[in-house]
There are 2 protein chains.
Amino acid sequence: MDQLLRVMNFNVSRDGIAAGEHQSLERPFGLDHAERLFAWAGATASWPMRTEPGGSRGLDDYFTRDFARHIGAEIMGRNKFGPQRGPWQDHEWQGWWGEEPPFRTPVFVMTHHTRPPVTLSDTTFHFVGGDPAAVLARAREAARGKDVRLGGGVTTIRQFLEADLVDTLHVVVSPVTLGSGLRLWETPDELLDRFRLEVVPSPSGVTHHLFWRR
Amino acid sequence: MDQLLRVMNFNVSRDGIAAGEHQSLERPFGLDHAERLFAWAGATASWPMRTEPGGSRGLDDYFTRDFARHIGAEIMGRNKFGPQRGPWQDHEWQGWWGEEPPFRTPVFVMTHHTRPPVTLSDTTFHFVGGDPAAVLARAREAARGKDVRLGGGVTTIRQFLEADLVDTLHVVVSPVTLGSGLRLWETPDELLDRFRLEVVPSPSGVTHHLFWRR
């Protein structure tokens, strides 16, 4: 079977915005109320960062529970890993996720500024240069036959879409309008030349957009 | 985490019928055109019995791809295993699924007529007596911390519902009317005293019903 490159549980506003323009330590998404985008995920039983029992097991839960299934590696942009820019001042920063990151696979962090790998519990972050195709080749090898998750952020996803390397996308449109920020799209129709699309409204208020290659 | 007992990808007609009354070797579901119920599943990329590449990766595929995730055992009724009734005449019958059954876990076949286990590739069928609670206890132990799938048929699912042992159900209502046969329900509302329900129409024409305990 092919090793797919998959965007999963990626969240945007009604106007296609995934993050603000000014990320900081206090605002990982550069947004004042990022929870307005993500509340649907935290409400599900299978949310990977959930610490308490309970949670819904309806439609949204099918998407959060798919997070780790048959995934052997993740690719992320440097801005998903942390708020620093430019050369690393030190190597103290180890990501936003504490001692037990939810990935539990190799993670390839794309950056022009390499540093030694960081291992936290079952997750090892590798800091790699190169273009999207080269990074994907490394991630596929590390994934040992499983699929590769393309974790974001939005700039990284746009890079891989431009290089036509993405096989499937699950994009969650939340019922909020942000007005300005970093955009995945003006409209989902931009992808219809290359992808089939199913649009599935959830009782929670978000709308799941499922794309796969034609 | 709890070990859930889960009904998954279980198919009924618009009028709640899952099978005809007269099962036979030629008609495993006792229906003349069973494919009218199941066509949605065969169209998906992740259908466990798929032999060719391709298939859809929209909403329906999220359900078929969940088939094996975190499942450690299946429980099924004897009529799902085969068309024979009463004492086994011989042990030649090994199920409908050929040399590579899609379960790939221990499977507990409920029957008053035991026989030695059958192993085919990664699947071992155990033939067990006892009431639903006792069979579930054995399946949970075999599942080693994972969930247990309740595979059907409809009579078996009703038994476990009556014993209040089911944690979640995913029931797919297909847009066909059968009129007579073995019924899961008159209406899904019968389960609302004990379960929450989300009803999710799919672009394929089926409607996914997702139940989880209140």
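Guide: Welcome! One idea first: two residues are in contact if their C-beta atoms, placed from the backbone, lie within 7 Å. Please keep in mind that this is a predicted model.

Visitor: Let me try that idea out. Leaving aside its neighbours within four places in sequence, with which residues is B:Ile75 in contact?

Guide: Setting those sequence neighbours aside, B:Ile75 touches B:Phe108, B:Met110, B:Val135, B:Leu136, B:Ala139, B:Val148, B:Leu150 and B:Gly151. In the largest nonpolar core, which has 102 residues, A:Ile75 and B:Ile75 are the ones that touch the most other members.

Visitor: How do I read the sheet of chain A? What is the order of its strands?

Guide: A sheet is read from one edge to the other, strand by strand. In chain A the order is S5-S6-S4-S3-S7-S1-S8-S11-S10, an open sheet of nine strands with mixed pairing. Strand S5 (118-120) and S10 of chain A have a single partner strand each, so one side of each lacks a neighbour in the sheet. On average, neighbouring strands of this sheet are turned by 20° against each other, direction ignored.

Visitor: Let me walk in from one edge. In which sense do S5(A) and S6(A) pair?

Guide: They are antiparallel, with three bridges between S5(A) and strand S6 (residues 123-128) of chain A. Here A:Leu120 stands opposite A:Thr123 in S6(A). Moving on, S4(A) and S6(A) run parallel and are joined by five bridges, with A:Thr124 in S6(A) as the bridge partner of A:Pro106. S3(A) and S4(A) are also paired in the parallel sense, over four bridges, and A:Glu74 has A:Val107 in S4(A) as its bridge partner.

Visitor: What about the faces of a strand? Which residues of S4(A) lie on each side?

Guide: For a strand, look at its two faces separately. On one side of S4(A) are A:Pro106, A:Phe108 and A:Met110, and on the other are A:Val107 and A:Val109; all are buried, so both faces are covered. Put as a count, five of the five residues of S4(A) are buried.

Visitor: Just before that strand sits A:Thr105. Why does A:Thr105 count as buried?

Guide: The cut-off is 20 or more other C-beta atoms within 10 Å. A:Thr105 is buried because it has 21 of them within 10 Å. This residue is found in the loop between helix H3 (78-81) and S4 of chain A. Beyond four places in sequence, A:Thr105 is in contact with A:Ile71, A:Gly72, A:Ala73, A:Glu74 and A:Thr123. A:Thr123 is 18 residues away from A:Thr105 along the chain, yet their C-alpha atoms are separated by 5.0 Å.

Visitor: Now the helices. Why can buried residues share one side of a helix?

Guide: An α-helix has 3.6 residues a turn, so residues three or four places apart point the same way. Take helix H1 (residues 35-42) of chain A, whose buried residues are A:Leu37, A:Trp40 and A:Ala41. They span an arc of only 105° around the axis, so they lie on the same side of H1(A). Those buried residues pack against strand S1 (5-13), helix H2 (59-64) and strand S8 (168-174) of chain A.

Visitor: Can we try a helix of chain B? Which residues of H4(B) are buried?

Guide: In helix H4 (residues 132-142) of chain B, they are B:Pro132, B:Val135, B:Leu136, B:Ala139 and B:Arg140. Their arc around the axis is only 135°, which places them on the same side of H4(B). The face turned away from that buried side carries the exposed residues B:Ala133, B:Ala134 and B:Ala137. The buried residues of H4(B) pack against S1, S3, S4, strand S6 (123-128), S7 and H5 of chain B. Just after H4(B), B:Arg144 has a positive phi of about 45°.

Visitor: And between the chains? How many residues does the contact take from chain A and from chain B?

Guide: An interface can be read by who takes part and by their chemistry. This one takes 12 residues from chain A and 12 residues from chain B. On the side of chain A that touches chain B, H2, strand S10 (195-201) and strand S11 (207-213) of chain A each supply at least two residues. By type, the residues of that side of chain A are six nonpolar, two polar and four charged.

How values were computed:
Residues numbered from 1 in each chain as written. Chains lettered and ligands numbered in written order. Predicted model: local features only at pLDDT ≥ 70, side-chain atom pairs only at ≥ 80, totals over all residues. Buried ≥ 20, exposed ≤ 12 C-beta atoms within 10 Å, placed from the backbone. Arc of directions from axis to C-beta. Nonpolar A, V, L, I, M, F, W, Y, C, P; charged D, E, K, R; others polar. Pairing = 2+ DSSP bridges. Axes fitted to C-alpha atoms, helices over the stretch in contact; angles between N-to-C directions. Core = buried A, V, L, I, M, F, W, Y, C linked by C-beta atoms within 7 Å.
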